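Morning, everyone. I have a few minutes on one model, so please look at the sequence and the structure while I talk.

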Amino acid sequence: AQKWILAKHFSGEPKEDDLKLEEEELPELKDGEILVEAVFWSVDPYMRPYTARFPVGITMIGSQVGKIVESKTKDFPEGRYIVGYFGWRTHTVHDTTKEPLPGFPKAHLLPDFKELPYSLALGVLGMPGNTAYFGFLEICEPKEGETVVVTGAAGAVGSIVGQIAKIKGCRVIGFAGSDEKVKWLTEELGFDAAYNYKTKDVNEALKEGAPKGVDCYFDNVGGDISSTVLNHMNTRGRISVCGSISSYNADPANYPRAAIVQPSMVFKELRMEGFIVHRWTDRWMEGIHTNLKWIREGKLKYRETVTEGFKNMPKAFMGMLKGENTGKAIIKA
Ligand code: NDP
């Protein structure tokens with residue numbers, strides 16, 4: 001078995017030698033345990049800031065879809081597939097009574113979506129899909145005819161948020177980091193407008209794309225783009241703060257001075273709320289089943305950027321942070 005360990009804490013952009021590939025001996029299975037062989041791994045933005053909470057030498061944190069190849073519990077039979085936060089490892093001996101990573105949800109068997117790739121359990125039919133579903137619907141509370149802005153719009157979460165907003169009858173404007181991504185959003189996903197934030201002035205884009213102002217803002221990126229969107233919010237607009245990827249490589253002690261949000265918050269009576277998707281653990285399957293239904297009805301499309309081979313996981317992780325993915329970044333065994 002192999003695992004990637006955190007050899008050094010990240011400083012600035014993650015680098016090749018911050019991570020190290022190691023061999024590991026697996027223990028014998030005890031009652032209640034299963035042996036899982038990974039088939040797909042996920043690389044996600046949270047891995048960059050979250051690792052700072054753990055000591056050097058830990059197995060890199062992360063979720064995977066794996067096949068149960070040996071089992072000592074009838075609840076998790078051999079041959080079934082499972083999704084869990086087992087970390088960056090090829091094989092895992094897992095005690096099914098416990099959370100694999102403290103503070104993260106328990107592992108669970110894959111729901112039945114046999115006609116679709118199992119990797120979707122790490123994307124639209126997993127944590128990122130539920131982030132879009134709950135983080136947008138519960139916090140933005142979109143109404144038909146409202147204008148919605150999504151940043152990080154061509155990524156795993158953003159691409160689903162924009163499409164859910166369309167399902168709810170909203171006008172949707174997306175920001176992403178390449179012309180190819182922008183084209184995908186407008187031509188295939190049905191966004192009303194999309195802009196490359198690297199080449200288009202965000203203020204001008206909003207004047208053009210959201211002439212009636214913005215009612216809902218789903219914020220994946222933070223920073224300057226978000227400060228600009230704030231200036232375009234309508235009275236009693238709602239802002240769902242999902243992520244802040246533009247600052248994940250910065251040291252919190254040196255964060256750039258934030259825009260002053262209070263005047264907009266007060267005079268436009270805005271509501272801004274951050275969240276962590278695990279808030280909705282009790283309703284987890286509702287999000288997955290609704291997104292699955294929308295996929296089957298042809299209303300929700302997804303894309304994956306797949307990297308082959310466990311040894312290429314760090315490369316996929318670093319690439320995702322730089323925007324090399326469209327849709328969900330996945331690694332295939
Ligand atoms: P993505 O698939 O969107 O991948 C990350 C993307 O971020 C890149 O493709 C890149 O796209 C974009 N990006 C990188 N740097 C910048 C920058 N400086 N400014 C703007 N965009 C940038 O990842 P996810 O969909 O998995 O996650 C999106 C966000 O949602 C992240 O902030 C993440 O932390 C957050 N999140 C929050 C959760 C929660 O519970 N609150 C749960 C899951 C995710 P581009 O080419 O457009 O620059």
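I will go through the domains, the ligand, the core, some strands and three single residues.

One thing before the details: this is a predicted model. Keep that in mind for everything I say.

Start with the domains. The domain assignment splits the chain into domain 1, which is 2–123 + 303–332, and domain 2, which is 127–278. Between the C-alpha centres of domain 1 and domain 2 there are 28 Å. Domain 1 puts 13 residues into the contact, and domain 2 puts in 15 residues. On the side of domain 1 that touches domain 2, the classes are three nonpolar, seven polar and three charged residues.

Now the ligand. Where does the ligand lie with respect to domain 1 and domain 2? Both domains give residues to the shell around the ligand, so the ligand lies between them. That shell has 30 residues, and the closest are G155, A156, G177, G243 and G323. Three elements give two or more residues each to the shell: α2 (127–140), α3 (156–167) and α9 (313–321). The largest share comes from α3, with three residues. By class, the shell around the ligand has 16 nonpolar, 12 polar and two charged residues.

Next, the inside of the protein. The largest nonpolar core counts 86 residues. Which residues have the most contacts inside this core? They are F136, V161, L185 and F218. The largest share of the core, seven residues, is supplied by α2. Domain 1 and domain 2 each supply at least three residues to this core. Take L185 as an example. Leaving out residues up to four places away in sequence, L185 touches A153, A154, G162, G174, A176, F191 and A194.

On to the strands. β3, residues 33–42, and β4, residues 64–71, pair in the antiparallel sense over seven bridges. In that pair, F40 stands opposite V65 in β4. β4 also pairs with β5, residues 81–84, again in the antiparallel sense, over four bridges. Here G66 stands opposite I82 in β5.

The loop between β4 and β5 holds R80. Is R80 exposed, partly exposed or buried? R80 has 14 other C-beta atoms within 10 Å, so it is partly exposed. Not counting residues up to four places away in sequence, R80 touches I68 and L109. The C-alpha atoms of R80 and V36 are separated by 9.7 Å, although these residues are 44 residues apart along the chain.

Last, two backbone angles that you may want to find on the screen. Phi of E141 is near 40°, a positive value in a residue other than glycine. E141 is in the loop between α2 and β8 (147–151). With 14 C-beta neighbours inside 10 Å, E141 counts as partly exposed.

The other one is R236, where phi is near 60°, again positive in a residue other than glycine. R236 lies in a strand, β12, residues 233–241. Why does R236 count as exposed? R236 counts as exposed because it has 10 C-beta neighbours inside 10 Å, and the cut-off for exposed is 12 or fewer.

To go back to the main point, the ligand lies between domain 1 and domain 2, because both give residues to the shell around it. That is what I have.

Conventions: Residues numbered from 1 in each chain as written. Predicted model: local features only at pLDDT ≥ 70, side-chain atom pairs only at ≥ 80, totals over all residues. Near = placed C-beta within 6 Å. Nonpolar A, V, L, I, M, F, W, Y, C, P; charged D, E, K, R; others polar. Domains from an automatic or database assignment. Pairing = 2+ DSSP bridges. Core = buried A, V, L, I, M, F, W, Y, C linked by C-beta atoms within 7 Å. Buried ≥ 20, exposed ≤ 12 C-beta atoms within 10 Å, placed from the backbone. Contact = placed C-beta atoms within 7 Å.
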